[in-house]
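Please look over the sequence and the fold displayed here before reading on. The explanation below moves from the sheet to the helices and then to selected loops.

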Amino acid sequence: MNVLLVDDHTIVRDGLKRLLRPLVRGCVHEAVNGREAIGVAGAHALDLIVLDLNLPELGGIDLLERLVLTGAAPVLIFTMHAEPLYVTRAMAAGARGFVSKNASPEELLTAVRRITAGGKYIESDLAQSIAVQTDAAYHSFDQLAARDLEILSLLTRGRSLTEIAESLG
């Protein structure tokens, strides 16, 4: 299995490599931003892409959609966002799985196995939240575009409007 890990944090990529070592018989490629991810995905035969949604330059749902369009490999979202809205948006954009960074290592490995076997996977706690989510709560955010959600995420992390403008280009 050849894997691409896309995360801007070295410690996360290193931890993922160690965790995935028993499953990966091929190469583990790495990218620290969306532009690198697109380049690596186009240059290598991959079986799985593990993608963080918060990346410098190009990231989020935009990057996910681009990777899905290339057909490079199934994409597993691995992110700090543990809200049902992110799950539904990512799955609708073509992700094959979604696991938050709050999940156990065992759950991440289960997701990897299921996705590489051709299935889909959503972290159990998030799947439960989606199952009990009310229509009213979902539809209040349903009108937001992917870019709006990315801006909202940056605002909640304390970024200024100037910083957001610079990071989004």
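Two strands are said to pair if DSSP finds at least two bridges between them. With that term in hand, one may turn to Leu5, whose bridge partner in S2 is Glu30. The model under discussion is a predicted one. In it, S1 and S2 pair in the parallel sense, and four bridges join them.

This pair belongs to an open sheet of six strands, which has the order S2-S1-S3-S4-S5-S6 and parallel pairing. Which strands stand at the edges of the sheet? They are strand S2, residues 28–31, and strand S6, residues 121–122; each has a single partner strand, so one side of each is left without a neighbour in the sheet.

The edge strand S2 also shows how side chains can alternate along a strand. His29 and Ala31 point to one face and are buried, while Val28 and Glu30 point to the other face and are not buried.

Strand S4, residues 75–79, may be considered next. With S3, strand S4 pairs in the parallel sense over three bridges, and the bridge partner of Val50 in S4 is Leu76. With strand S5, residues 97–100, strand S4 pairs in the parallel sense over four bridges. Here Leu76 stands opposite Gly97 in S5.

How many residues of S4 are buried? Five of the five are, so S4 is largely enclosed by the rest of the structure. The side chains of S4 point in two ways: Val75, Ile77 and Thr79 point one way and Leu76 and Phe78 the other, and all of them are buried.

The helices come next. Helix H1, residues 10–20, lies across strand S1 (3–6), S2, strand S3 (48–51) and S4. The helix runs at about 150° to S1. One residue of H1 is Leu16. Is Leu16 buried or exposed? Its relative accessibility is 5%, and because buried means under 20% relative accessible area, Leu16 counts as buried. Setting aside neighbours within four places in sequence, Leu16 is in contact with Leu5, Val50, Phe78 and Leu108. Leu16 and Val28 are twelve residues apart in sequence, and their C-alpha atoms are 9.8 Å apart in space.

Two further helices pack against each other. Helix H4, residues 84–92, and helix H8, residues 146–156, do so at an angle of about 145°, and their axes are 12 Å apart. The crossing in which H4 passes H8 is left-handed. Leu85, Tyr86 and Arg89 in H4 meet Ala146, Leu149 and Ser153 in H8. The residues of this contact divide into four nonpolar, one polar and one charged.

H4 itself is mostly covered, with seven of its nine residues buried. Among the buried residues of H4 are Leu85, Tyr86 and Arg89, and these three are the residues of H4 named above as meeting H8. After H4 comes Gly94, which has a positive phi, near 115°.

The loops deserve attention as well. Asn33 is found in the loop between S2 and helix H2, which spans residues 34–43. With a relative accessibility of 9%, Asn33 counts as buried. Apart from residues up to four places away in sequence, Asn33 touches Val6, Leu55, Pro56, Glu57 and Leu58. With one of these, Glu57, there is a polar contact of 3.5 Å between the side chains.

Glu57 lies in a loop too, the one between S3 and helix H3, residues 60–70. What is the accessibility class of Glu57? Its relative accessibility is 47%, and Glu57 therefore counts as partly exposed. The backbone of Glu57 offers another point of interest. Most residues other than glycine have a negative phi. Phi of Glu57, however, is near 70°, a positive value in a residue other than glycine.

A last stop is Arg157, in the loop between H8 and helix H9, residues 161–168. Arg157 is partly exposed, and its relative accessible area is 34%. Neighbours within four places in sequence aside, Arg157 is in contact with Asn54 and Met80. The C-alpha atoms of Arg157 and Lys120, by contrast, are separated by 30 Å, and the two residues are 37 residues apart along the chain.

Technical notes:
Residues are numbered from 1 along each chain as its sequence is written. This is a predicted model: local features need pLDDT of at least 70, side-chain atom pairs count only at pLDDT 80 or more; totals for chains, interfaces and linings use all residues. Side-chain values use heavy atoms; hydrogens and water are left out. Contact means heavy atoms within 4.5 Å. Axes are lines fitted to C-alpha atoms, for helices over the stretch in contact, and angles run from 0 to 180 degrees between N-to-C directions. Buried means under 20% relative accessible area, exposed over 50%, partly exposed in between (1.4 Å probe, protein chains only). A polar contact is a pair of N or O atoms within 3.5 Å; within protein, one must be able to donate a hydrogen and the other to accept it, and residues adjacent in sequence count only if both atoms are side-chain atoms. A crossing is left-handed if the near helix is turned anticlockwise from the far one by less than a right angle, and right-handed if clockwise. Ala, Val, Leu, Ile, Met, Phe, Trp, Tyr, Cys and Pro count as nonpolar, Asp, Glu, Lys and Arg as charged, and the others, Gly among them, as polar.
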